[in-house]
Amino acid sequence: MGMSVIIEAAGPQDVEQIFRLQYLCFQSEAELYGNYRIDPLVQSLESVRAEVATDLVLVARLGDEVVGSVRGFTEEDGTGRIGKLCVHPRLRGHGLGARLLDAAEAALEAERHPTRFRLHTGHRSEGNLRLYRRAGYARVGDATGEDGVRLILLEKEAGARSFVASA
């Protein structure tokens, strides 16, 4: 019998696993852009620790192992920002990213009542763009990140969460 993946709020004990997972997961993005200075790869452990202490940070656990993570916060204008969604490479393609995204939206709606959600991904990140479109996000613009990567900005109204079957 296999274990189920559980999504829950991250705690201080998860910081190092989140940090290592993020570094592993974003290697493929860095390779896609030929840029190993993207934000998730240069973020410090202390910065991750601060996000866990102040923002919404969810983890997906398989037993004691953190196999996925997502972060969010709500800006003063009511925009729920979601970012750094990552799933361990060995578990990709099984709906865990969609479950994490849905859980982040639900948690932000319950705790911080945003009017809309906004996120971004690199313009070459087709898998990410497919996931976000399936979840109801639409392109609202482009930007260039501090690392020089061209980003697609996506948004959807709060309350428009998609149903995600449990895996």
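Start at a turn: in the hairpin of E2 and E3, two residues sit between the strands, and Gly63 takes a positive phi near 65°. Keep in mind that this is a predicted model. The two strands on either side of that turn run antiparallel and are joined by seven bridges. One pairing to look for is Val57, which stands opposite Arg71 in E3.

Follow E3 onward and you reach another hairpin, the one of E3 and E4. Four residues lie between these strands, and here Gly78 takes a positive phi near 90°. E3 and E4 also run antiparallel, with six bridges joining them. Arg71 turns up again, this time opposite Gly83 in E4. As for E3 itself, seven of its 10 residues are buried, so the strand is largely enclosed by the rest of the structure.

Now zoom out to the whole sheet. It is an open sheet of seven strands in the order E1-E2-E3-E4-E5-E7-E6, and the pairing is mixed. Strand E1 (5-9) and strand E6 (138-144) stand at the edges with a single partner strand each, so one side of each has no neighbour in the sheet. On average, neighbouring strands are turned by 25° against each other, direction ignored. As background, strands of a sheet pair through backbone hydrogen bonds, either parallel or antiparallel. The parallel kind shows up between E4 and E5, which are joined by three bridges. Across that pair, Arg81 stands opposite Arg118 in E5.

Helices come next. H4 packs on the sheet, touching E2, E3 and E4, and its direction makes about 100° with that of E2. H5 lies across E1, E2, E3, E4, E5 and E7, and runs at about 150° to E4.

What fills the space between these pieces? The largest nonpolar core has 27 residues, and the members that touch the most others are Ile82, Leu96, Leu101, Tyr132 and Tyr137. Two or more residues each come from strand E2 (56-62), E3, strand E4 (79-87), helix H5 (96-112), E5, helix H6 (126-134) and E7. H5 gives the most to this core, with seven residues. For a feel of the packing, click on Ile82: setting aside residues up to four places away in sequence, its contacts include Val70, Leu101, Ala104, Leu108, Phe117, Leu119 and Tyr137. Ile82 also touches some charged residues, among them Arg71, Glu105 and Arg118. Apart from this core lies another, of 18 residues, including Val57, Val66, Cys86 and Leu151.

On to the charges. Side chains of opposite charge can pair when their charged atoms come close. This structure holds 14 salt bridges. In one of them, Glu51 pairs with Arg71, with the closest N and O atoms 2.4 Å apart. Glu51 lies in helix H4 (residues 45-54) and Arg71 in strand E3 (residues 65-74), so the pair ties together parts that are 20 residues apart in sequence. Both Glu51 and Arg71 are buried. They also belong to a wider network of salt bridges that links Asp39, Glu51, Arg71 and Lys84.

Glu155 is another residue to click on, as it pairs with two arginines. Its side chain meets that of Arg116 in a salt bridge (3.6 Å, N to O). That pair links distant parts of the chain, with Arg116 in strand E5 (residues 116-122) and Glu155 in strand E7 (residues 150-157), 39 residues apart. Glu155 also forms a salt bridge with Arg118, at 2.3 Å from N to O. Here again the link is between E7 and E5, with Glu155 and Arg118 37 residues apart. How exposed are these three? Glu155 is buried, with a relative accessible area of 15%. Arg116 is partly exposed at 21%, and Arg118 also counts as partly exposed, at 23% relative accessibility.

One last stop in strand E5 is Thr121. This residue is buried, with a relative accessible area of 5%. Its side chain makes a polar contact with the side chain of Asn128 at 3.0 Å. Leaving aside neighbours within four places in sequence, Thr121 is in contact with Asn128, Leu129, Tyr132, Arg150, Leu151, Ile152 and Leu154. Two names on that list should look familiar: Tyr132 came up in the largest nonpolar core, and Leu151 in the other one.

Terms used:
Residues are numbered from 1 along each chain as its sequence is written. This is a predicted model: local features need pLDDT of at least 70, side-chain atom pairs count only at pLDDT 80 or more; totals for chains, interfaces and linings use all residues. Side-chain values use heavy atoms; hydrogens and water are left out. A salt bridge is a side-chain nitrogen of Lys or Arg within 4 Å of a carboxyl oxygen of Asp or Glu. Buried means under 20% relative accessible area, exposed over 50%, partly exposed in between (1.4 Å probe, protein chains only). A nonpolar core is a set of buried Ala, Val, Leu, Ile, Met, Phe, Trp, Tyr and Cys residues joined through side-chain atoms within 4.5 Å. Contact means heavy atoms within 4.5 Å. Two strands pair if DSSP finds at least two bridges between them. Axes are lines fitted to C-alpha atoms, for helices over the stretch in contact, and angles run from 0 to 180 degrees between N-to-C directions. A polar contact is a pair of N or O atoms within 3.5 Å; within protein, one must be able to donate a hydrogen and the other to accept it, and residues adjacent in sequence count only if both atoms are side-chain atoms.
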